[in-house]
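Thank you all for coming. Before I start, please take a moment to look over the model on the screen, and then I will walk through a few places in it.

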Amino acid sequence: MVKKISLFVVFMMVALTASAQFEQGKTYISASFSGLDFGYNGTSELNVGLQAKGGYFVEDNLLVLGTLGYNHIGVDDTPDRFSIGVQGRYYIIQNGIYLGVGATYKHANHNYNDIMPTVEVGYAFFINRTVTIEPSIYYEQSVRDHSKYSNVGLRLGLGVYLFK
């Protein structure tokens, strides 16, 4: 019983700490790690990715961000992929749960170019007033070939919310 009460108190403190973090005018930067056998698509055995994100809160709870990424695909004849994209993120309630939607352009040698609409659900867990750990689940829909290149996976990020 004490364990449950302690856990409840921790979650309440996180919710109260997060309440002022998603205000209009703040900036956001993040680095994230995805894949490591958590990502899956029809052509790869191992998919490890690194992403960098930067954004700005245009309204309370509404973040617009740009992304740059690199993915290493664990199949010998598949080249590594580079990506650039845009995303909108809406923080549903002031406890850090968010929904993201966006589009990513991916490029690799050997004539691989793809545009991938993306959806993401995640949680910004504040470890102090500005720094977060952000686990999320994402899905990328390939325009080029759904069965081979669409991805579903887990992402783990480290975010920083900067004040005005």
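Is N61 buried or exposed? N61 is buried, with a relative accessible area of 14%, where buried means under 20% relative accessible area, exposed means over 50%, and partly exposed is in between, with a 1.4 Å probe and protein chains only. I should say at once that this is a predicted model, in which local features need pLDDT of at least 70 and side-chain atom pairs count only at pLDDT 80 or more, while totals for chains, interfaces and linings use all residues. Residues are numbered from 1 along each chain as its sequence is written, and side-chain values use heavy atoms, with hydrogens and water left out.

N61 sits in the loop between β2 (47–59) and β3 (62–73), the strands being DSSP runs of E with at least two residues and the helices runs of H or I with at least four, numbered from the N terminus. N61 also has a positive phi of about 70 degrees, although it is not a glycine. Most residues other than glycine have a negative phi.

Moving on into β3, the side chains alternate, with L63, L65, T67, G69, N71 and I73 pointing to one face and buried, whereas L62, V64, G66, L68, Y70 and H72 point to the other face and are not. β3 pairs with β4 (residues 81–91) in the antiparallel sense over ten bridges, and two strands are said to pair if DSSP finds at least two bridges between them. Within that pairing, L63 has R89 as its bridge partner, and N71 has R81.

β4 in turn pairs with β5 (residues 97–108), again antiparallel and over ten bridges, with I84 bridged to Y105. These two strands form a hairpin with five residues between them, and G96 in the turn has a positive phi of about 110 degrees.

R89 comes up once more, as one of the residues that line the second largest cavity, among them also Y28, K53, E120 and E134. By cavity I mean a set of points, on a 1 Å grid over the protein atoms alone, where a 1.4 Å probe fits but cannot get out, and lining residues have an atom within 4 Å of a point. This cavity holds about 50 Å³ of space, a volume being the space filled by probe spheres set on the points, which are joined across faces, edges and corners. The largest share of its lining, three residues, comes from β1.

Terms used
1 Å grid on protein atoms, 1.4 Å probe; cavity = no way out; pocket = protein on both sides within 12 Å on 5 of 7 lines; lining within 4 Å.
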